[in-house]
Amino acid sequence: MLNAETKLFAILGYPVKHSFSPQMQNKWFEKEKLNCIYLAFEPSPEYLERAIESLKILGFQGVNVTIPHKVEVMKYVDFIDEAAEKIGSVNTIAFKNGKLYGYNTDHLGFSQDLAAKKVNLKNKNVLVIGAGGGARAIAHALVSSGAKDVYIANRTLEKAEKLASIFKIKVFDISRAGELLPEIDLLVNTSACGMKKTDILPFKVDKVKSSLVVYDLIYNKMTPFTRLAGDKGLKIFTGDGMLIQQGACGFKIWTGKYPDIEVAEKLLKKFIG
Ligand code: NAP
């Protein structure tokens, strides 16, 4: 029952109408019997600062921030968590006593999802494809989890080099990335390769370890990476787990409670259709 004391939460994105977060967070509030509501707002980039200021004035307790605001919003928060600083973006904000605390829960979402799936990153060799915002969160998660050799390969080499220098990982030529696979334990696609039907695997594949695990951050489509896993009979995980776990970490920051993951998994299946 909503009333005058209902606590307010939201997601800010541009666009945001496709977002699964309102359904997921509201389901968790309902499940935990919390008098809270989670809405979606679509401020264009020039209104982001004013949108944040308005939410503060209106007494919002927390927001998620998504594309394209994750980097820009760092200017408008009072404190930034160490991981968010390193990753270079904020996706979760908590409003406390008039101050804004910025976090990045994408890296936690990824490592918690792998932990839930019993994939241990310690001493593993990992190849990351892509060097955008998602890749930065994944690189941080891999380095923090004690992975052994982490390689990054990206269509635009300079972006991979920049990311490699920040996280002290190795760069590999994307067109030859298949040559690395015989020694790789985990292949992570953080790139948008697969969002278009015409996208193809950016490297040739010959031999792979039979124990190779493929993780594709894209969760609602067949991609060249999911097809590769299918062709080679490899274990494959898609980004739905990460999406849910990053939201769960936000929920925990705001409410102190860790929500029911299974409820969100069922909801996401229906949402994707
Ligand atoms: P981004 O910052 O725009 O970066 C996109 C990356 O994809 C760049 O490295 C780009 O290479 C590469 N790329 C794009 N098209 C490609 C193609 N056809 N072949 C090879 N590489 C290509 O985007 P992002 O925020 O990192 O997101 C990337 C993907 O991850 C999106 O599909 C997003 O939905 C997904 N994601 C999922 C989650 C989750 O929770 N499941 C979280 C974050 C992101 P260049 O540098 O050469 O342009």
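This is a short chat about the sheets, the ligand shell and one pocket of a predicted model.

Me: What kind of model is this, and what pLDDT do local features need?
Reply: The model is predicted: local features need pLDDT of at least 70, side-chain atom pairs count only at pLDDT 80 or more, and totals for chains, interfaces and linings use all residues. Residues are numbered from 1 along each chain as its sequence is written, and side-chain values use heavy atoms, with hydrogens and water left out.

Me: Which strands make up the open sheet with parallel pairing?
Reply: Six strands, in the order β9-β8-β7-β10-β11-β12. Strands (E, at least two residues) and helices (H or I, at least four) are DSSP runs, numbered from the N terminus. Two strands pair if DSSP finds at least two bridges between them.

Me: Which strands stand at the edges there?
Reply: β9 (170–171) and β12 (235–238) do; each has a single partner strand, so one side of each is left without a neighbour in the sheet.

Me: How many bridges join β10 and β11?
Reply: Four, with β10 (residues 186–189) and β11 (residues 213–216) paired in the parallel sense. L187 stands opposite V214 in β11.

Me: And what is the order in the sheet with mixed pairing?
Reply: That open sheet of six strands runs β2-β1-β3-β5-β6-β4. In it, β3 (residues 62–65) pairs with β5 (residues 92–96) in the antiparallel sense over three bridges, and G62 has A94 as its bridge partner in β5.

Me: New topic. How many residues surround the ligand?
Reply: 20, the closest being A131, G134, N154, T156 and K159. Being near means having a heavy atom within 4 Å. The shell has eight nonpolar, nine polar and three charged residues. Ala, Val, Leu, Ile, Met, Phe, Trp, Tyr, Cys and Pro count as nonpolar, Asp, Glu, Lys and Arg as charged, and the others, Gly among them, as polar.

Me: Which ligand atom does T156 approach, and at what distance?
Reply: A polar side-chain atom of T156 lies 2.5 Å from an oxygen atom of the ligand. For R155, a polar side-chain atom is 2.9 Å from a ligand oxygen atom.

Me: What about the pocket, which residues line the second largest one?
Reply: Among them are K117, N120, D185, S211 and K235. A pocket is an open set of points on a 1 Å grid over the protein atoms alone, where a 1.4 Å probe fits, with protein on both sides within 12 Å along at least five of seven lines; lining residues have an atom within 4 Å of a point. By class, the lining has four nonpolar, two polar and five charged residues.

Key. Polar contact = N/O pair within 3.5 Å; in protein donor to acceptor, adjacent residues only side chain to side chain.
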